[in-house]
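Thanks for coming. I will go through one chain today, starting with a few backbone details and ending with the overall picture.

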Amino acid sequence: MDTENLQIQIKTFFGLEQILAEEIKKLGGRNVEIKNRAVNCEGDLGFLYKINYSARTALKILVPIHEFKAFNQHQFYDRLFKFDWAEFMDVDQSFSIDATVNSETFKHSQFVTLKMKDAIVDYFQDKFKRRPNVETRNPDIKFHLHIDRELVMISMDSSGDPLFKRGYRREQGEAPINEVLASGMLQLAGWDGKGNFLDPMCGSGTLLIEAAMIAMDLPAQIFRNRFGFQNWKNYDSDLFSKIKEFRVNRVRQFDGKIVGYDIDARMLNAARMNVEAAEMEDVIEIKKQDFFESKKELFPLLMVFNPPYDERISINDDDFYKKIGDTFKTHYPNTLAWLISSDLEAVKKIGLRPSRKIKLFNGKLETRFLQYEMYEGTKKVHKLEDKK
């Protein structure tokens with residue numbers, strides 16, 4: 001493996017590719033290229049460690065190690081059996097394979113995964129007269145198999161567990177938002193830690209914690225203990241320690257306020273436990289407060305939230321969304337608010353035209369991330385005043 005010029009593929013959610021590309025450029029990625037739900041780039045081993053530790057919208061980070069064409073299962077097995085697996089793992093290490101397959105030739109991902117497993121095991125048996133173990137739950141080495149028609153690409157998963165598993169979540173609500181999606185939403189909304197932040201329906205607190213991490217420039221994985229690359233044969237622990245130290249030294253003071261409201265005592269308790277696990281009690285304030293009875297207290301203010309919607313938690317949608325709109329209009333003048341919803345009919349009851357709509361997926365649910373700009377008076381008055 002050429003550790004100076006690694007080809008790297010970083011997976012993300014649909015709609016966050018541009019945000020991820022910007023993150024990767026800032027972290028020093030070369031030849032950054034946007035793909036569907038992924039960003040490709042180049043970098044050295046240190047850069048690979050840095051993006052695993054710091055990139056907020058990365059789900060998993062893959063390093064391709066082998067690419068070939070196969071037109072039938074015999075060619076597929078043969079090319080894999082002849083590959084030098086010993087360069088990438090030891091016989092006493094366990095491994096797992098996950099696969100994405102889009103091919104007429106290889107229709108069943110389980111079948112090709114089994115074939116690849118056989119080829120790896122047979123290679124080691126042939127060379128060392130010993131067999132490595134396949135371990136699905138907690139393997140030392142994770143391989144990713146991607147087949148597109150006849151093209152086969154084998155990568156190593158440098159992350160291990162998916163990178164949305166930040167390590168601070170102790171409790172979760174009925175439908176917690178994924179940490180990577182939460183961070184992506186905040187960055188799409190323009191949150192940079194300047195000003196104040198409110199999540200008026202905070203649930204178990206994920207948006208609050210991700211907002212605080214952005215505001216303080218805390219590395220996304222500061223609470224994580226383990227990465228896949230730490231089991232690689234070329235792992236450089238001194239280099240990783242230096243990278244962590246450098247990133248942690250960049251952490252900055254945050255002078256604004258990050259506040260979460262909720263009316264559900266169980267959710268408030270879950271949010272407090274998660275905030276405590278993230279050691280952010282000094283930065284995040286959680287209040288028992290009905291958003292519909294609240295007034296704007298923080299200036300300037302960015303609001304981002306994930307209101308309950310029907311697939312997750314049953315509510316009377318029309319009335320609920322109308323109340324959101326009424327609260328925006330009467331109690332939150334001169335505020336930028338964003339919300340995510342899969343109920344595209346119900347959001348019309350907000351009674352305000354969204355100034356931006358971004359398609360995102362929350363799990364398998366197709367949603368829209370909507371921006372609302374609340375002005376005191378009308379836009380026309382503001383435009384006239386601006387011209388004076």
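**Loops, pocket and overall build**

Pro-300 sits in the loop between strand E10 (284-288) and strand E11 (301-305). Before I go on, please keep in mind that this is a predicted model. The peptide bond that leads from Phe-299 into Pro-300 is cis, and its omega is near -15 degrees.

Two other loop residues deserve a word about phi. Glu-279 lies in the loop that runs between helix H8 (265-277) and E10. Its phi is near 55 degrees, which is positive although the residue is not a glycine. Is Glu-279 buried or exposed? Its relative accessibility is 63%, and the cut-off for exposed is over 50%, so Glu-279 counts as exposed.

The other one is Asn-334, in the loop between helix H9 (317-331) and strand E12 (335-341). Here too phi is positive in a residue other than glycine, with a value near 50 degrees. Asn-334 has a relative accessible area of 39%, so this residue is classed as partly exposed.

Now the pocket. The largest pocket has a volume of about 710 Å³. Which residues come closest to its centre? They are Gln-9, Lys-11, Ala-38, His-144 and His-146, out of 28 that line the pocket. Seven strands are on the list of elements that give two or more residues to this lining: E1 (6-11), E2 (30-35), E3 (38-43), E4 (60-69), E5 (95-102), E6 (141-148) and E7 (151-157). Sorted by class, the lining holds 9 nonpolar, 10 polar and 9 charged residues.

On annotation, there is one item. An unreviewed UniProt entry places the feature "domain: THUMP" at residues 47-158. Over residues 47-158 the model has 33% helix and 29% strand, and the C-alpha atoms at the two ends are 12 Å apart.

Last, the chain as a whole. How many helices and strands does the chain have? The count is 10 helices and 14 strands. The C-alpha trace spans about 75 × 45 × 45 Å along its principal axes. There are 388 residues, and 50% of them count as buried. If we take the contacts with a separation of 6 or more, 76% are between residues 24 or more positions apart. The accessible surface is about 19,000 Å², and carbon and sulfur atoms account for 45% of that.

That is the end of my part.

Methods: Residues numbered from 1 in each chain as written. Predicted model: local features only at pLDDT ≥ 70, side-chain atom pairs only at ≥ 80, totals over all residues. Heavy atoms only, no water. 1 Å grid on protein atoms, 1.4 Å probe; cavity = no way out; pocket = protein on both sides within 12 Å on 5 of 7 lines; lining within 4 Å. Points joined across faces, edges and corners; volume = space filled by probe spheres on them. Helix = DSSP H or I, 4+ residues; strand = E, 2+ residues; numbered from the N terminus. Nonpolar A, V, L, I, M, F, W, Y, C, P; charged D, E, K, R; others polar. UniProt positions renumbered as here; feature names shortened; annotations may be inferred. Buried < 20%, exposed > 50% of the residue type's maximum accessible area, 1.4 Å probe, protein only. Contact = heavy atoms within 4.5 Å. Areas by Shrake-Rupley, 256 points an atom, 1.4 Å probe, with all protein chains shown as cover.
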